[in-house]
Amino acid sequence: MQRVQSELMVTQPERLDGHLVVYSQPCPALPLVDFLRRAHGERRIHWENERESLAFAGYGAAVDLIAEGSGRFKEIEVLASQLFEAVISVDDSAMPVLFGGFAFREDFKAQVVWQGMSAAHFVLPRVMLRRDGDESHLILSEYVPTDADVEQAQANIKSRFETLFDDLFWNFSGEVWNPEWEEASDIEYPMSFEAYSEMITSATDRMKAEELEKVVLSRMCQIRFSNDVNIVRALEYLHEAYPGCHRFLFEPQPHNAFYGATPETLVKVTGRDVYADALAGTVKRGSTPEEDEAMGQQILNDPKERFEHDVVVQGMRQQLANYVDELHADDAPGLLKLGNVQHLHTPVSGTLNADYGVLPLVEALHPTPALGGQPRDIADGLITELEPITRGWYAAPIGWIDHEMNGHFGVGIRAAVSRKGTVWCYAGGGIVADSEPEREWRETELKFRPMLNAVGVRA
């Protein structure tokens, strides 16, 4: 497969001095995980959900957009808009997307677990395999300076595309790195149950004093292997076990990746249509259909779980109020059933009152009460005070932006971050006044399970 060495890094919200040259053609329907496997050792991205028509995988980078601090959402919006305004499409059959995300906090520092990550980072891949329903396209993108010979750049990218296409689909003979799972050499939960219980009790005491209604608190698991983690094999497992979730991969440096299968849409914007998931309240699946139904009814009738869920729905209504002409959310939640858990779920949809694009809505909603708490500012301070580890990109927005500034963002939960042979998983739960530490601990055990299983640890 043809590799690309030149990449452009854009880090400031200044006008971009160049053009994005894009060439695309229809191609055979190569499975996206196979495409990723062939790109082992590259920077890679991936997004897929069987409930959505758009899915893609990519490697390399034509452009990186990076921003820091409190203005990171707006900076990325400005840069993305400028980038797509300067597109020169050699063939109009398909367009690439920007893929990336944001850290949970604006004062993010790339320490230990999150080395190589930024407060905001989006990649437009050099090579993208894009699938829309039954149609697949291979897309090659390059960023060239403003003073470049555009006609020559178009001719060059077309020539490179033809070689790439043949190497990828007809003449591929490269080695594919795909080792079997290996046993973990060490599994560690840095926070003891006693420390976790103290954290939960501290939060519930604040709620009983009426300082806040809800806060989401998390803990971490660390797994070590003798060799590099097989990320694509983990994605294959998630593909089979959680087909209705958004499987994602963001690998800003080779072998340094954030990936998972999130069940939750933070926000999806198409023109003036907006959609989001209110997802809060968790119980395990039953071992029989009858037990599963009983467990679902149990959580639907549980006052603690319903209160936690209602806080999320009302918080999202407030966060979206200034952006919509109308907003719809059912009065009572339903159930979202996943492989090992079921959640209380309320779809939230509406019509925007202006053509905002997706990023202003991402900023308005993050963090929802499902990942932060209510009131937002008090919950955020409590998370910083009580959680002993930095969240990084855990529970934060991750998703894509297209050339019309539409997009789809999930939240980075049921996820792991890997560096070489070490994996870190996070799991959290919504804490309200009558939360019990032992019950919350068991819930986080359930939420660890998808990613532990994905890397070969049978939990």
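Helices (H or I, at least four residues) and strands (E, at least two) on this tour are DSSP runs, numbered from the N terminus. You are looking at a predicted model, in which local features need pLDDT of at least 70 and side-chain atom pairs count only at pLDDT 80 or more, while totals for chains, interfaces and linings use all residues. Residues are numbered from 1 along each chain as its sequence is written, and side-chain values use heavy atoms, with hydrogens and water left out.

**Stop 1: two cis prolines**

Start at Pro367, in the loop between helix 8 (359-365) and strand 20 (373-374). The bond joining His366 to Pro367 is a cis peptide, with omega about -15 degrees. Now slide along to Pro375, which lies in the loop between strand 20 and helix 9. Here too you'll find a cis peptide bond, from Gln374 to Pro375, with omega near -5 degrees.

**Stop 2: strand 14**

Select residues 256-262. Is this strand buried or exposed? Buried means under 20% relative accessible area, exposed over 50%, and partly exposed in between (1.4 Å probe, protein chains only). Seven of the seven residues of strand 14 are buried, so the strand is largely enclosed by the rest of the structure. In a regular strand the side chains alternate between the two faces of the sheet. Turn on side chains and you'll see Asn256, Phe258, Gly260 and Thr262 pointing one way, with Ala257, Tyr259 and Ala261 pointing the other.

Next, bring in the neighbours; two strands pair if DSSP finds at least two bridges between them. Strand 13 (residues 246-253) runs antiparallel to strand 14, with six bridges, and Phe250 sits opposite Phe258. The two strands make a hairpin with two residues in between, and His255 in that turn has a positive phi of about 70 degrees. Strand 23 (residues 415-419) is also antiparallel to strand 14, joined by five bridges. There, Val417 is the bridge partner of Phe258.

**Stop 3: the aromatics around Phe258**

Keep Phe258 selected and show the rings. Rings of Phe, Tyr and Trp (its six-membered ring) pair if their centres lie within 6.5 Å; planes under 30 degrees apart count as stacked, over 60 as edge-to-face and the rest as tilted. The whole structure has 20 aromatic pairs. One of them is the edge-to-face pair of Phe258 and Trp393, at 6.4 Å centre to centre with 85 degrees between the planes. This pair links distant parts of the chain: Phe258 belongs to strand 14, and Trp393 to the loop between helix 9 (376-386) and strand 21 (397-401), 135 residues apart. Both Phe258 and Trp393 are buried. Widen the selection and you get one aromatic cluster whose members include Trp47, Phe56, Phe99, Trp114, Phe248 and Tyr426.

While you're in the loop between helix 9 and strand 21, click on Ala395. Its phi is near 65 degrees, a positive value in a residue other than glycine. Ala395 is buried, at 0% relative accessible area.

**Stop 4: strands 3 and 4**

Trp47 from the cluster points the same way as Ile45 from strand 3, while Arg44, His46 and Glu48 point the other way. Five of the five residues of strand 3 (residues 44-48) are buried, so this strand is largely enclosed as well. Strand 3 is antiparallel to strand 4, with four bridges, and the two form a hairpin with five residues between them. Look for Tyr59 in strand 4, the bridge partner of Arg44. Strand 3 also pairs with strand 13, antiparallel over five bridges, where Glu48 stands opposite Arg247.

Now pick Ala55 in strand 4 (residues 54-59). What is Ala55 in contact with, beyond its neighbours within four places in sequence? Counting heavy atoms within 4.5 Å as contact, the partners are Leu32, Trp47, Glu48, Leu129, Arg130 and Arg131.

**Stop 5: helix 4 and helix 10**

Finish with residues 193-208 and 437-454. The axes of helix 4 and helix 10 come within 9 Å and cross at roughly 115 degrees; axes are lines fitted to C-alpha atoms, for helices over the stretch in contact, with angles running from 0 to 180 degrees between N-to-C directions. Among the residues making the contact are Phe193 and Tyr196 of helix 4 and Pro437 and Trp441 of helix 10. Last click: Glu210, in the loop between helix 4 and strand 12 (214-224). Glu210 is not a glycine, yet its phi is positive, about 65 degrees, and the residue is exposed, with a relative accessible area of 73%.
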